[in-house]
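Reader: Hi! I have a structure open and I'm new to this. Could you walk me through it?

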Amino acid sequence: MDVTLLWTKITLWLAEYAPTTAAELKQALPPPDMADFESEFELTLPQQLKEWWACCGGTESGSLTDVLPPFYTPYGASGAWRVWCELRETWAANWHRPACDYYAGSAGRSFHPAWIPIAGDGFADELVVDLRPGPLRGCVLEWEQEMSRVGPPLWADLASMLADVHRALTEGRSAGYSRPTVTEDGRLDWQIR
């Protein structure tokens, strides 16, 4: 399935079963100019990321809305840019020579400029799309700020991540190491198993 269809199915499920969470999500209206973001990031963005940012605008006023497991709030393009700039400032000493392996999906001990944040937990951990070269280019990694590292790829690409989330929501299965539940007040909550 394509990213737009998957995101639409996820947001429709949220509207029906987790309306408080759904109400906090924004559409990307108008869709952002991806050429501007590619210029700013100095990277060619994968089509899946462009598609997602054309329909996902992040959340209202930066609220923490755990849509992606285990506790990540999606960013629209402008939110991703803001977080990437903050990380560039934090990691300024290593920005041009990060302590990371060369190929996508491989280890890193400092933030890499080719990691594009797509969701955050509100405490500096991020889900990132890895745009380093190699066969795993476009995979989704989890950046752990406190440990200053990424683990192995969680998903092969953005569409795989969204398909996993959609399957977990509609079938009650786990996505990664988390299982979806809905709170009494209509919020999606991911329980780590």
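Author: Happy to! Let's begin with a term for helix pairs: a crossing is left-handed if the near helix is turned anticlockwise from the far one by less than a right angle, and right-handed if clockwise. Keep in mind too that this is a predicted model.

Reader: Okay, so which hand is the crossing of H3 and H4?

Author: H3 passes H4 in a right-handed crossing. Helix H4 covers residues 47-55, and its axis and that of H3 come within 11 Å, crossing at roughly 125°.

Reader: Why do people quote both an angle and a distance?

Author: Two packed helices are described by the angle between their axes and the distance between the axes.

Reader: And what do we call the way H3 and H4 sit to each other?

Author: They are oblique to each other. The angle is roughly 125°, and the roughly antiparallel class needs an angle over 145 degrees, while roughly perpendicular runs from 65 to 115.

Reader: Which residues make that contact?

Author: From H3 you have Met34, Glu38 and Phe41, and from H4 there are Lys50, Trp53 and Ala54. Sorted by class, that contact of H3 with H4 has 4 nonpolar and 2 charged residues, with no polar ones.

Reader: What about H4 and H6, how do they pack?

Author: Helix H6 spans residues 158-171, and H4 packs with H6 at an angle of about 50°, the axes being 9 Å apart. That makes H4 oblique to H6 as well.

Reader: Which residues meet there?

Author: Gln48, Leu49 and Trp52 in H4 meet Leu158, Ala159 and Leu162 in H6. The contact of H4 with H6 has 5 nonpolar residues, 1 polar and no charged.

Reader: Changing topic: how is empty space found in a protein?

Author: Rolling a probe the size of a water molecule over the atoms shows where empty space is left.

Reader: Nice. What volume does the largest pocket have here?

Author: About 470 Å³. It is lined by 32 residues, and the closest to the pocket's centre are Tyr75, Gly76, Ser78, Gly79 and Arg82.

Reader: Which element gives the most to that lining?

Author: That's H5, with 8 residues. H5 (77-90), along with strands S1 (25-27), S2 (56-59) and S3 (73-74), each supply at least two residues of the lining. By class, the lining of the largest pocket has 14 nonpolar, 13 polar and 5 charged residues.

Reader: And how much space is in the second largest pocket?

Author: About 170 Å³. Its lining includes Glu40, Phe41, Glu42, Trp84, Arg88 and His112. Helix H3 (34-41) and H5 are the elements that give two or more residues to that lining. The classes there are 6 nonpolar, 2 polar and 3 charged.

Reader: I spotted Glu42 in that list. Where is Glu42 found, and what is its phi?

Author: Glu42 is in the loop between H3 and H4. Its phi is positive, about 60°, although Glu42 is not a glycine. For background, most residues other than glycine have a negative phi, and most peptide bonds are trans.

Reader: Oh, so which peptide bonds are cis?

Author: Two to look at! The bond from Leu29 to Pro30 is cis, with omega near -10°, and Pro30 has its place in the loop between S1 and H3. The bond from Pro69 to Pro70 is cis too, with omega near 0°. Look for Pro70 in the loop between S2 and S3.

Reader: Great, thanks a lot!

Definitions and conventions:
Residues are numbered from 1 along each chain as its sequence is written. This is a predicted model: local features need pLDDT of at least 70, side-chain atom pairs count only at pLDDT 80 or more; totals for chains, interfaces and linings use all residues. Side-chain values use heavy atoms; hydrogens and water are left out. On a 1 Å grid over the protein atoms alone, a cavity is a set of points where a 1.4 Å probe fits but cannot get out, and a pocket is an open set with protein on both sides within 12 Å along at least five of seven lines; lining residues have an atom within 4 Å of a point. Grid points are joined across faces, edges and corners, and a volume is the space filled by probe spheres set on the points. Helices (H or I, at least four residues) and strands (E, at least two) are DSSP runs, numbered from the N terminus. Ala, Val, Leu, Ile, Met, Phe, Trp, Tyr, Cys and Pro count as nonpolar, Asp, Glu, Lys and Arg as charged, and the others, Gly among them, as polar. Axes are lines fitted to C-alpha atoms, for helices over the stretch in contact, and angles run from 0 to 180 degrees between N-to-C directions. Angles under 35 degrees count as roughly parallel, over 145 as roughly antiparallel, 65 to 115 as roughly perpendicular and the rest as oblique. Contact means heavy atoms within 4.5 Å.
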